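Welcome, and thank you for taking a look at this one with us. Please have the sequence and the structure open side by side as you read.

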Amino acid sequence: MSTGEPGRRLLAISAHPDDVEFTSGGSLARWAAEGWTTFLVVCTDGSKGSPNPQDTPAMVARIRRDEQEAAAQALGIQEVVWLGHPDGELARVANLVEELTRQIRRIKPDRLLAWDAWRPYELHPDHRAAGLAAVDAVLAAGNPHFYPRQWREAHGLQPHRIDEMYLFGTDQRDTWVDITATFERKMATIACHASQVAGLRDLALKMSYCNQGYAQGHGVTYAEVFKVLHPFCDT
Ligand SMILES: [Zn+2]
C-alpha cells in the first residue's frame, strides 16, 4: 500500500472534468489530507458531455467547469488549470505536450497522475491523448533541450524532474492505495458532477464493488490502483 508524505506537490492531468474523481478521488483526498499540495490540469472543456442535442457546447462546458471546480474544492485541490481544448479532439492538439511541459515546470510536482495511455482497448481518444502527452511532457520537462524558450524567458521556468508517475485506468496495476477513510468523500465528489451521473445510486454501488474488489487481499475495505513509473530512475 502506498502512503503520502507531507509537504510534497502532486499534479493530476485529466482529459475531462470528472476523470480524476472516478479513477483517483479517494487517493487525491487522502494525499491532500496527509499534507500534499495538489493541482489539477483539465485538458478539454468537456463540451461534448451531454446526450441532449439541444445543449450547446458552451452551455455544457460551463456546467462541467462549475462541477469540476466544486469537486476539486471537496478533494482539497489547490488550483485547477483549464487548457480548454474542445472535448473529443485532444489528439489533434499539436502543442499539448508543450502546454503540459509548461505546467509541470511551473508547478514542480514530485508526483504526477495521468491516464494510462497503453491500456488495451482504451476507447476514449482523449484519454489516450492526455495520457500519452502527460508522459511525454514528464520526459520533456526534465530536459533543458525541450522547449528551451520556457526557461529562457524573463521569469524562466527551469527544467523539472518528476520522481514518480501514477497511471490510472490501468490494467498493469502494481500499486494499491487504501481509500477506506476517504471513499465517502470520493463518492461526494463524483456527485458534484450531476450532469454526468444520472443514476447515482447504481453508480455508488458499482464504485463500491469496484474499489472493494481492488482492496481484496490487501487487508482494507476500499482501494484504488495505479501503475507507477519512475521516469528518471529507469533510464
Ligand atoms: Zn474522460
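## The largest pocket

Let us begin with a lining. The residues around the largest pocket divide into 6 nonpolar, 5 polar and 5 charged. Please keep in mind that this is a predicted model. The lining has 16 residues, and those that lie nearest the centre of the pocket are Phe22, Thr23, Gly169, Cys210 and Tyr214. Two or more residues each are given to this lining by helix H1 (19-33), helix H7 (200-215) and strand S7 (223-229). Helix H7 provides the largest share, with 4 residues. The volume of the largest pocket comes to about 270 Å³.

## The second largest pocket

The next stop is the second largest pocket, with about 160 Å³ of space. Which residues line the second largest pocket? They are His16, Asp18, Asp19, Phe22, Thr23, Gly49, Arg64, Asp87, Trp115, His124 and His127. By type, this lining divides into 2 nonpolar, 5 polar and 4 charged residues.

H1 gives the most to this second lining, with 3 residues. If you have just come from the largest pocket, you will recognise two names: Phe22 and Thr23 lie among the residues nearest the centre of that pocket, and both also line the second largest one.

## The nonpolar core

Moving to the interior, you will find that the largest nonpolar core has 57 residues. Trp31, Leu100, Leu112 and Leu113 have the most contacts inside this core. Helix H4, which covers residues 125-141, gives the most to the core, with 8 residues.

Leu112 is a good place to centre your view. With neighbours within four places in sequence left aside, Leu112 is in contact with Leu11, Ile13, Ile104, Ala134, Val138, Ile162, Glu164, Met165 and Tyr166.

## Around strand S6

Three residues in and around strand S6 make a pleasant short tour. Asp171 is found in the loop between strand S5 (164-168) and S6. Is Asp171 buried or exposed, or does it fall in between? Its relative accessible area is 39%, so Asp171 counts as partly exposed. Setting aside neighbours within four places in sequence, Asp171 is in contact with Asp116, Arg119 and Pro120. Asp171 and Lys227 are 56 residues apart in sequence, and their C-alpha atoms are 8.1 Å apart in space.

Next comes Thr175, which has its place in strand S6 (residues 175-178). Thr175 counts as buried because its relative accessibility is 14%, and the cut-off for buried is under 20%. The side chains of Thr175 and Asp174 are joined by a polar contact of 3.1 Å. Beyond the strand, Thr182 is found in the loop between S6 and helix H6 (183-191). Thr182 has a relative accessibility of 11%, so it also counts as buried. Leaving out neighbours within four places in sequence, Thr182 is in contact with Gly26, Ala29 and Arg30.

## A look at helix H2

Let us finish with Met59, which is found in helix H2 (residues 57-75). Why does Met59 count as partly exposed? The reason is a relative accessibility of 29%, since partly exposed residues fall between the 20% and 50% limits. Met59 and Tyr147 are 88 residues apart in sequence and 35 Å apart in space, taken from C-alpha to C-alpha.

Note on methods:
Residues are numbered from 1 along each chain as its sequence is written. This is a predicted model: local features need pLDDT of at least 70, side-chain atom pairs count only at pLDDT 80 or more; totals for chains, interfaces and linings use all residues. Side-chain values use heavy atoms; hydrogens and water are left out. A nonpolar core is a set of buried Ala, Val, Leu, Ile, Met, Phe, Trp, Tyr and Cys residues joined through side-chain atoms within 4.5 Å. Buried means under 20% relative accessible area, exposed over 50%, partly exposed in between (1.4 Å probe, protein chains only). Contact means heavy atoms within 4.5 Å. A polar contact is a pair of N or O atoms within 3.5 Å; within protein, one must be able to donate a hydrogen and the other to accept it, and residues adjacent in sequence count only if both atoms are side-chain atoms. On a 1 Å grid over the protein atoms alone, a cavity is a set of points where a 1.4 Å probe fits but cannot get out, and a pocket is an open set with protein on both sides within 12 Å along at least five of seven lines; lining residues have an atom within 4 Å of a point. Grid points are joined across faces, edges and corners, and a volume is the space filled by probe spheres set on the points. Ala, Val, Leu, Ile, Met, Phe, Trp, Tyr, Cys and Pro count as nonpolar, Asp, Glu, Lys and Arg as charged, and the others, Gly among them, as polar.
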